[in-house]
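Hi,

Here is the structure we talked about handing over. Please look through it first; my notes follow below.

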Amino acid sequence: MGQPGLQEWGVGDPGAPPEGRRSKLLEPLRGEGVKGVAIAVASTIVVLGLLIYFAIHSPTWADFKQQFLSGAEFRRSFPDVLDAFKRNIFYFLTAEPIILGIALLLAVMRSLRGPVFFPLRLLATIYIDLFRGLPTILVVYMLGFGVPALRIPGFPVSGWFWGWVGLILSYSAYVAEVYRAGIDSIHPSQTAAARALGLSRWQTLQSVVIPQAVRRVVPPLMNDFIALQKDTAVIAIVSGTFPESFLMAQIYQAGDFNFTPILGTALCFLVITIPTTRFTDWQLERQRRRRQAGAAL
């Protein structure tokens, strides 16, 4: 008996691929059979072929290729763009832990109950509403140019530093709401059981509520992490003498009137964000399977 076709595999069948190793991209095709897969592949080839055909037969294709897809310009500019991309990596790797800490503090402050904690809830709400309501690029722009212009003694005057601070302030507000959603998702019976065992309000929050909430919001946090990686490019407007990859590409583009260096920057970001996106999808699927396993019990 030959290897079973895609349409013959079921959950738990010995010949089926392990659940954790199945591709989510191809999952919808598993019930279509070999014929369905062949049609999907053929239609994909046709669509891509038509797009390429119409692109290269466009009247301005030669000019577009020279301006955006110049191999010589790419080879000349990409080493410097790639080297400057190290600053983008530095920005989001150093900002992310700080954002997670500030956001968790804000979420806890906003989740506190009782009239005595009203000032803390008010401060957290004002912070979150303010920085969620402002576009990130405006926060980076105002801090990156405004604070250095004040010349406050003891304050850094580097535009890139305040642009980095702007990213932290903006994303802390978004991530705080993700944390708060996780905290609110914990059933009140968990808190009641912990208090019945003699745990204080803070011990219950620290040992029961927050650990469960953090586990539940890991996938949404990963999505915010991906967005932060991309938004490090906005620091280009204030980075000055310390150019990151996008500003470096703009420098080449302004000197040669060629947009190919911008493509180099795009490739740098894709190499980072696509694997992170796939990891986030895997985390979401893992969380879904755990919920289903818990429901089955």
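Confidence first. This is a predicted model. Mean pLDDT for the protein is 84, and 88% of the residues reach at least 70. Helix α4 (residues 118–133) has the highest mean among the elements, at 94. Helix α1 (residues 33–56) has the lowest, at 83.

Watch the start of the chain. Over residues 1–17, pLDDT stays under 50. The model gives that stretch 19 contacts beyond four places in sequence. Where pLDDT is low, predicted coordinates should not be read in detail.

Next, asparagine 258. It sits in the loop that joins α10 (245–256) to α11 (260–296). Its relative accessibility is 5%, so it counts as buried, the limit being under 20%. Its side chain reaches the backbone oxygen of glutamine 66 at 2.7 Å. Setting aside neighbours within four places in sequence, asparagine 258 is in contact with Gln66, Gln67, Ser70, Glu73 and Gln253.

Then the surface. A nonpolar patch there is formed by Phe64, Phe68, Leu69, Phe259, Leu263, Leu267, Leu270 and Ile274. Together they have about 650 Å² of accessible area. Two elements, α2 (61–68) and α11, give two or more residues each. The largest share is from α11, with four residues.

One patch member lies in a loop: leucine 69, between α2 and α3 (71–111). Leucine 69 counts as partly exposed because its relative accessibility is 39%, and partly exposed covers the range between 20% and 50%.

Over to you.

Definitions and conventions
Residues are numbered from 1 along each chain as its sequence is written. This is a predicted model: local features need pLDDT of at least 70, side-chain atom pairs count only at pLDDT 80 or more; totals for chains, interfaces and linings use all residues. Side-chain values use heavy atoms; hydrogens and water are left out. Buried means under 20% relative accessible area, exposed over 50%, partly exposed in between (1.4 Å probe, protein chains only). A polar contact is a pair of N or O atoms within 3.5 Å; within protein, one must be able to donate a hydrogen and the other to accept it, and residues adjacent in sequence count only if both atoms are side-chain atoms. Contact means heavy atoms within 4.5 Å. Patches are made of residues with over 30% relative accessible area and no salt bridge: like charges are joined within 9 Å, nonpolar side chains (Val, Leu, Ile, Met, Phe, Trp, Tyr) within 5 Å. Accessible areas come from the Shrake-Rupley method with a 1.4 Å probe; for residues, only the protein chains shown count as cover. A salt bridge is a side-chain nitrogen of Lys or Arg within 4 Å of a carboxyl oxygen of Asp or Glu. pLDDT is the predictor's confidence in each residue, from 0 to 100.
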